[in-house]
Amino acid sequence: METLTTRHYRSRWKPAPLLGKNGEKKEARIHPRDIEAFAVLDRFGVLPLDYVHALIGGNLAALRSRFNLLWSPPNFFLSRPDGQRRCANANYRYLVYANGTQAKALLRERGHALAHRRASPFPHQLMESMIAASIHIGIAGSPDLRLIDWNRIKAETGSPAASIPLPRGSSIVPDWEPFIIEYAGSPKSAFRFFPGFEADTGTEPVDAADLERSSIRGKFEDYLSVLKARTYESHFGVSTFFIPFVTTTERRMTSMIALLLKLTGGKGSPHFLFKHVPSFTAPERLAPPTGHMLTDPWQRAGFPPINLDTIEGR
């Protein structure tokens, strides 16, 4: 007689124990590769699985299985931020992970200084992390590029803070910490300094008339005042200054460029860089886990596009 069997599907959102052959709950024994993954997630905050894989290498299927175990009870080394469920096709994308309390405690026990980042809505946090991760992936893939992070900049220059002081007494706080890209393959020592970057998730109005009343205009004016006063030289001890703006659509990016041209009397600026990537809620796929932030061109207002994987086009 034919028997019917019931298939049980595991929810990717509701944690449930993984069971061994005898029905026991599987407990994770932490390996060095797990620590490496925890450190990556601490550095960037939240990342899709394929981005973590691009950063630490190995077999993607094996990493997916391992992360599933590290997320499942009684382990809870990883979490799957609930904010990712707000996307209509969340069930068909790579899961986004963050460190859980167990992973953070383990890193702390091993002397790892945990990163401290400002709280922000999940879409903005994810966009920041993916931009920064793409830069790291691009630099790791090029023997002629080197990343100098904020900790080293601070140690070598004595910069008191990552925020940039303004003449009126306030300051600019970009969406990421300062970094330098050094171009070791150039005939002379060359580098570009970035005070961070600005990630715009689409909360600002699109057309240029509305942008004039938005915080985008205020950010442009603040950065223009920093460039005019050359504050970056005294504050960070650097001679170059580039500020990337990443937004969610080409139309929004074009509007930003038009506004900057208006604020500069049509002159534009070589220091502002513009790029767009799909938003978290967009139906298309998220930006791939590649070095596209370096290898794909950035648009500029009144100046030719520029690629960050080469010193050309300064």
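**Strand β10 and its surroundings**

I begin with one pair of residues: phenylalanine 245, in β10, stands opposite phenylalanine 274 in strand β11. Please bear in mind that this is a predicted model.

That pair belongs to a longer match between strands. β10 and β11, the latter covering residues 269-276, run parallel and are joined by 5 bridges. Which element completes a unit with these two strands? Helix α10, residues 250-263, does so, and together the three form a right-handed β-α-β unit.

β10 also pairs with strand β9, residues 198-199; these two run parallel and share 2 bridges. Here phenylalanine 245 appears again, since glutamate 198 stands opposite that residue.

Let me turn to the side chains of β10. In a regular strand, side chains alternate between the two faces of the sheet. In β10, Ile243, Phe245 and Thr247 point one way, whereas Pro244 and Val246 point the other way. Are the residues of this strand buried or exposed? β10 spans residues 243-247, and 5 of its 5 residues are buried. Both sets of side chains, then, belong to buried residues.

My last topic is a charged residue in another strand. Arginine 192 lies in β8, residues 190-194. This arginine is buried, yet has no salt bridge. Why is there none? A salt bridge requires a side-chain nitrogen of Lys or Arg within 4 Å of a carboxyl oxygen of Asp or Glu. The nearest side chain of opposite charge to arginine 192, that of aspartate 309, is 7.1 Å away, so the criterion is not met. What does the side chain of arginine 192 reach? It reaches the backbone oxygen of threonine 310, at 2.8 Å.

Key:
Residues are numbered from 1 along each chain as its sequence is written. This is a predicted model: local features need pLDDT of at least 70, side-chain atom pairs count only at pLDDT 80 or more; totals for chains, interfaces and linings use all residues. Side-chain values use heavy atoms; hydrogens and water are left out. Buried means under 20% relative accessible area, exposed over 50%, partly exposed in between (1.4 Å probe, protein chains only). Helices (H or I, at least four residues) and strands (E, at least two) are DSSP runs, numbered from the N terminus. Two strands pair if DSSP finds at least two bridges between them. A crossover is right-handed if, with the strands pointing away from the viewer, the path from the first strand over the helix to the second runs clockwise. Lys and Arg count as positive and Asp and Glu as negative; His and the chain ends are not counted. A polar contact is a pair of N or O atoms within 3.5 Å; within protein, one must be able to donate a hydrogen and the other to accept it, and residues adjacent in sequence count only if both atoms are side-chain atoms.
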